[in-house]
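Student: Could you take me through one part of this structure up close? I'd like the strands and helices and how they sit against each other.

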Number of protein chains: 2
Amino acid sequence: MALEQVDAYLEKHRDHFEAQLKDLIRIPSVSAQPDHDPDTQRAATFVRDDLAAIGLKAELISTQRHPLVYAEWLGAPGQPTLLVYGHYDVQPPEPLEPWLSPPFEPTIRDGNLYARGATDDKGQMFTHLKAAQAWLKATGSLPVNVKFLIEGEEEIGGVNLEAYVAEHRDRLACDYAVISDTSQFAPGMPAITYGLKGLAYFEIHVQGANRDLHSGTYGGAVANPLNALATILASLKGADGKIRIEGFYDAVKPLEDWERAEFARMPFSEAEFQADLAVPSLVGEEGYTTLERKWARPTCDVHGLFGGYSGPGPKTVLPCKAGAKLSFRLVPDQDPKTVGELFRAHVRKFTPPGVSVEVITQQGAPAVLVSVDSPGFRAAVRAIEAGFGTKPVFIREGGSIPVVGLLKQHLKVDTLLLGWGQNDDNMHGPNEKFSLADFHRGIKAGAHLLEELANEPA
Amino acid sequence: MALEQVDAYLEKHRDHFEAQLKDLIRIPSVSAQPDHDPDTQRAATFVRDDLAAIGLKAELISTQRHPLVYAEWLGAPGQPTLLVYGHYDVQPPEPLEPWLSPPFEPTIRDGNLYARGATDDKGQMFTHLKAAQAWLKATGSLPVNVKFLIEGEEEIGGVNLEAYVAEHRDRLACDYAVISDTSQFAPGMPAITYGLKGLAYFEIHVQGANRDLHSGTYGGAVANPLNALATILASLKGADGKIRIEGFYDAVKPLEDWERAEFARMPFSEAEFQADLAVPSLVGEEGYTTLERKWARPTCDVHGLFGGYSGPGPKTVLPCKAGAKLSFRLVPDQDPKTVGELFRAHVRKFTPPGVSVEVITQQGAPAVLVSVDSPGFRAAVRAIEAGFGTKPVFIREGGSIPVVGLLKQHLKVDTLLLGWGQNDDNMHGPNEKFSLADFHRGIKAGAHLLEELANEPA
């Protein structure tokens, strides 16, 4: 009866929910770029105000960087408590040229909403606000207790969330956590993600001489930091796709047989995957399928290279500095700190003579693997079936959501990773998008999750 | 008698010459950057006007890019003809942060004039204008015939000079060419450069997927063009400092015994060289000294790296494009075209799977080696002794001056490379400088060269 009222409310407010989401997306809350600090503040305020309007007790929590939003509704004594985590910050939109519509002007094409943050994570996060709104507005209460913790430093691996969670275990105490910041397996195949990769992100700086030099006058006699950087980076991976850092694989937990069998059963076409990306061939670690590589094997990717002259025309400079951003995606049970130590030792060993090197850690989070047989999972399966009309598959993900490990560590809860996105949503690239149909399905699944959790003993 | 008048004129006009040079340097004639096209035009006009004011028949010659300046004085029938080459264009000033004074605001510190173009080549080129001026203003004529050819595309390896020289052999016909665009061996040790390295400059573009991707979702399954670029670049040179491109050394002419002996006698301190650059160690090709590496062995330097995200904070993108600028400095008898073919074959061989690569040739010039025993060299030795108070040493140079090969090819003349600069002038880097004392010594040597050439049978 209550659920019917909720479903009716959702149906009636589709346009309004979309308009609200667009307003949120228009705020360019790029957490990595200090120029946008006023925008992250605005986005946080927007989320706080919306939670308050829905009927939760909501507040902004200042940090040394971007504020947290916290809200709660605790009117269901005796019922379990669900903590919803999300983030209102977004990746930098650069490079701008490939965007077909401006990154912060949400534009609908073919039923998809295109904008930075559409799926990661504004659109997905917002579904849980609207689910709570439907219950509170249509029935006056929620079936379970709900807490929202929405941060603004997810894309920069900020430390303020962790500090807050560690210091407020009582306030944040819960039975389940839910995050929608992942993807379905494919359109029409909603998924619950039971494994995530961890991340160890570094910046490496190579210094040669104390000034830029003429490559004719000095070349051949003085180390070139750009050549040296290439040597260091090239040493990280072999032609077999294996990472060559000594000890890197020591803690890696092998894929279990049931997982490899499950992955192999997924309707995944390597040919289509390759054609979609228009790459001459797929590559990766020998002995593993593409899904296994994506989901369950550690990786090493360079994210940015810089140094010297990259303007028009030739410039024959022997630059004094070069640098790169790179990260390792980690799997259970790799520890980001240990990987950092192994990486630094490797860099020391492979740095050519004549330059000095500095390695800066920019982000670190362990991988996550949770049980697929728990009360929360069972509730989530039924909620997704209600929202999407089909049972979810259980998958792993190559992305990293550091907060999952953090909630486990400090609050002792496993997180339900209910992804409403699609793999081709371009989460961190140009033309990021989110299916509006999935937006509404996600809201409905979120609303039903509250009911289903009330039916499961925590 | 005439020479005394010339010397007196030079002495009297020191301040005026410096002021004129500053005016020329203030024009930011960066040939590589189209934004500065009006400035290259202005610099060309400045040089043309000054040559006309001195008393030469001077004109601007339009090209498809930056204009040439040509001027002549042919009032010494029966006497040899000297062609002065120089360039009014300059390297980009970037990076701007390390400059202690603005790159296009000439500033004197410790007797040095600091500015982009101070030594390369505005300051050095200008000495020959002032030498001619002294003769014409003080005595009404020059001892030999003189032609000036000053271009604006030296720093971008422009093709317009070559086209002009090839089509105007009669007009440019001469007995000697002189260029001041090199360095002394050390302060107080003026040098004539008898060998120059050639250059083969390339840009390499690596393409992965058709769009930027999330490194978590796609990493490990799709080739990363930044990692691939590092692999390609790292393959170019071995730990022994040898370039690993097959066939690269085939055409390399070994250093002669007298040269190695001569170089070894130069007062060159590897320890001081290292200390000046503040590098942890000197590096280079095994089996050669630093001077041999700098002057007479081929090299490979990366000039710029680009691709992915290099802004603040971590961004977990798997970029779809990466690129680099790099060049090989060549020695006799390497051919830039052949080197280009060998390089392309090497890149094809070492490109990892999953990406496509494009190599673009941006500049090419062969190395130069001329006889140290010729009438022009003898005249130059005496002229430098007059200007600098000491005999020059004979050296080779790691830099490339493509026009030297071009003048040889089309006009059949060897070039006198009379360098007034210093090795630490930061020709292509921030805080480029030129000693004002050497500026005036160079003018005097240039003026005496005109007299000495009249005394040597061509």
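Tutor: Let's start with one strand, then turn to a helix pair and a sheet. First, some housekeeping: residues are numbered from 1 along each chain as its sequence is written, and chains are lettered from A, with ligands numbered from 1, in the order in which they are written. This is a predicted model, in which local features need pLDDT of at least 70 and side-chain atom pairs count only at pLDDT 80 or more, while totals for chains, interfaces and linings use all residues.

Our strand is β17 of chain A, residues 415-419, and five of its five residues are buried. Buried here takes 20 or more other C-beta atoms within 10 Å of a residue's own, with C-beta atoms placed from the backbone. Strands are DSSP runs of E, at least two residues, and helices are runs of H or I, at least four, numbered from the N terminus. Both faces of β17(A) are covered: A:T415, A:L417 and A:G419 lie on one side, A:L416 and A:L418 on the other.

What about its partners? Two strands pair if DSSP finds at least two bridges between them. Strand β7 of chain A (residues 176-179) pairs with β17(A) in the parallel sense over three bridges, and A:I179 stands opposite A:L417. Strand β8 of chain A (residues 191-196) pairs with β17(A) too, in the antiparallel sense over three bridges; here A:T193 stands opposite A:L417.

Now the helices. The axes of α5 (residues 160-167) and α14 (residues 402-411) of chain A come within 10 Å and cross at roughly 20 degrees. Axes are lines fitted to C-alpha atoms, for helices over the stretch in contact, and angles run from 0 to 180 degrees between N-to-C directions. α5(A) and α14(A) are therefore roughly parallel to each other, a label for angles under 35 degrees. On the contact side, A:L161, A:E162, A:V165 and A:A166 in α5(A) meet A:V403, A:L406 and A:H410 in α14(A), where contact puts C-beta atoms, placed from the backbone, within 7 Å.

Finally, chain A has an open sheet of three strands, ordered β4-β5-β18, with antiparallel pairing. β4 (107-109) and β18 (433-435) of chain A stand at the edges with a single partner strand each, so one side of each has no neighbour in the sheet. Three bridges join β5 (residues 112-114) of chain A to β18(A), and A:Y114 has A:K433 as its bridge partner. Helix α15 of chain A (residues 436-455) packs on this sheet, touching β5 and β18 of chain A, and its direction makes about 60 degrees with that of β18(A).

Terms used
A residue is buried if 20 or more other C-beta atoms lie within 10 Å of its own, exposed if 12 or fewer, and partly exposed in between; C-beta atoms are placed from the backbone. Angles under 35 degrees count as roughly parallel, over 145 as roughly antiparallel, 65 to 115 as roughly perpendicular and the rest as oblique. Two residues are in contact if their C-beta atoms, placed from the backbone, lie within 7 Å.
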